[in-house]
Amino acid sequence: MEQETGLSKQVAVIACAAMTFYYVAILYAPTVILQLPPPSSLKEFMIRRFICAAISSIVSVILCAFILPIPSMEASYLFGVYGIRLDHIWQAVVFPLSLTSLMYAGSFALKLFLLVDSWKEHANGGISFDSINLLFQNFITWMFSTASNVLVWRNYVVAPLTEELVFRACMIPLLLCGGLKISAIIFLCPVLFSLAHLNHWMEIYIRHNYSLLKASMVVGLQLGYTVVFGSYASFLYIRTGHLLAPLVAHIFCNFMGLPVVLARRTGMASLAFVAGVITFLWLLFPITHPDLYNDRTNNCRCWRGYCSWN
């Protein structure tokens, strides 16, 4: 029988649902609640959303701190509750990133084939100092344009950081402390995580002028992928106790997009994908073992011991 805690399952689930609703609702606060004029540019629109997402994350962190029966309010311990830690950093980055990259073995194989083809084309024309210099200049230009692209900041900085902070660092401690089983949490958090992306349906349906069926299919595929990734990210967070683990996986997946499963030009990409999936499943538990990311686990079913808090 599990030990009773000072937090009920109902309170934990309601708090998580409230965080989800607030995370989505506040994105529309500037125009609906504050009655600000419509943004004049995409950059202004995205900056507003960045600010709203940051506010939502801060509110969720504070709410979580008030609800959780945290034994100590010491700064290092409090940050540790959310998985924000300075220890085992390289393990929390390298191991999950390496594990996640296995799911993209097909994508890497396809990119390698395309790179070889491109290299052969340039080799036929000869490689000169001017061509190398032009390649370097194009790379520098790409770097500057990427750094100033507001969508890049959304996809690789703001969205991963705020979503992992709210849907993993805040919600998982609440649900664990509420006494929910780990298997239930790995299912519930991704569902809430996917619901936070339902606003994309309205954006696709209205702004891109898609039909109702097409918009539903696009968002349905996106939500399905979001649920799968959310389960994986929740698994990483619970197993490692490190916020960096799901964060680097989130950024990497946003960068790579959907894994390549089939490729018209070569069957090697599909073969690489299958091999990557098999290796991923084989290493999933060994490479996420809590002992690799924590000095002591105290033989508890969750890394920080939420399940024993009174």
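Angles over 145 degrees between helix axes count as roughly antiparallel. That cut-off is applied to helices α1 and α8 in the second legend below; the model shown in every view is predicted.

**Figure 1. Overview of the predicted model, an all-helix chain with 13 helices and zero strands.** Read along the sequence, the pattern is α-α-α-α-α-α-α-α-α-α-α-α-α. The protein has 310 residues, and buried residues make up 42% of them. Among contacts with a separation of 6 or more, 80% are accounted for by residues 24 or more positions apart.

**Figure 2. Close-up of the crossing between helix α1 (residues 9-25) and helix α8 (residues 150-177).** The two axes come within 9 Å and cross at roughly 165 degrees. With the cut-off of over 145 degrees, α1 and α8 are therefore roughly antiparallel to each other. Their crossing is right-handed. On the α1 side, the residues in contact are Ala 12, Val 13, Ala 15, Cys 16, Met 19, Thr 20 and Tyr 23. On the α8 side, they are Ala 159, Thr 162, Glu 163, Val 166, Phe 167, Cys 170, Met 171, Leu 174 and Leu 175. By class, this contact comprises 13 nonpolar residues, two polar and one charged.

**Figure 3. Close-up of helix α1 against helix α9 (residues 182-195).** The axes of α1 and α9 come within 9 Å, crossing at roughly 25 degrees. This angle makes α1 roughly parallel to α9. The crossing is right-handed. Helix α1 contributes Val 13, Cys 16, Ala 17, Thr 20 and Val 24 to the contact, and α9 contributes Leu 188, Leu 192 and Leu 195. Seven of these residues are nonpolar, one is polar and none is charged.

**Figure 4. Close-up of Pro 190, a residue of helix α9.** Pro 190 has a relative accessible area of 0%, so this residue is buried. Leaving aside residues up to four places away in sequence, Pro 190 touches Ile 185, Val 227, Gly 230, Ser 231 and Ser 234. Of these partners, Ser 234 lies 44 residues from Pro 190 along the chain, yet their C-alpha atoms are separated by 7.6 Å.

**Figure 5. Close-up of helix α12 (residues 244-256) along its length.** At 1.5 Å a residue, the 13 residues of α12 should span 18 Å, and the end C-alpha atoms are 18 Å apart, so the expected and modelled spans agree. Buried residues of this helix are Ala 245, Pro 246, Leu 247, Val 248, Ala 249, His 250, Phe 252, Cys 253 and Met 256. Just after α12, Gly 257 takes a positive phi of about 75 degrees.

**Figure 6. Close-up of Leu 244 in helix α12.** Leu 244 has 24% relative accessibility and therefore counts as partly exposed. Not counting residues up to four places away in sequence, Leu 244 touches Ile 89, Ala 92 and Val 93. The C-alpha atoms of Leu 244 and Pro 96 are separated by 9.0 Å, although the two residues are 148 residues apart along the chain.

Notes: Residues are numbered from 1 along each chain as its sequence is written. This is a predicted model: local features need pLDDT of at least 70, side-chain atom pairs count only at pLDDT 80 or more; totals for chains, interfaces and linings use all residues. Side-chain values use heavy atoms; hydrogens and water are left out. Axes are lines fitted to C-alpha atoms, for helices over the stretch in contact, and angles run from 0 to 180 degrees between N-to-C directions. Helices (H or I, at least four residues) and strands (E, at least two) are DSSP runs, numbered from the N terminus. Angles under 35 degrees count as roughly parallel, over 145 as roughly antiparallel, 65 to 115 as roughly perpendicular and the rest as oblique. A crossing is left-handed if the near helix is turned anticlockwise from the far one by less than a right angle, and right-handed if clockwise. Contact means heavy atoms within 4.5 Å. Ala, Val, Leu, Ile, Met, Phe, Trp, Tyr, Cys and Pro count as nonpolar, Asp, Glu, Lys and Arg as charged, and the others, Gly among them, as polar. The expected span of a helix is 1.5 Å times one less than its number of residues. Buried means under 20% relative accessible area, exposed over 50%, partly exposed in between (1.4 Å probe, protein chains only).
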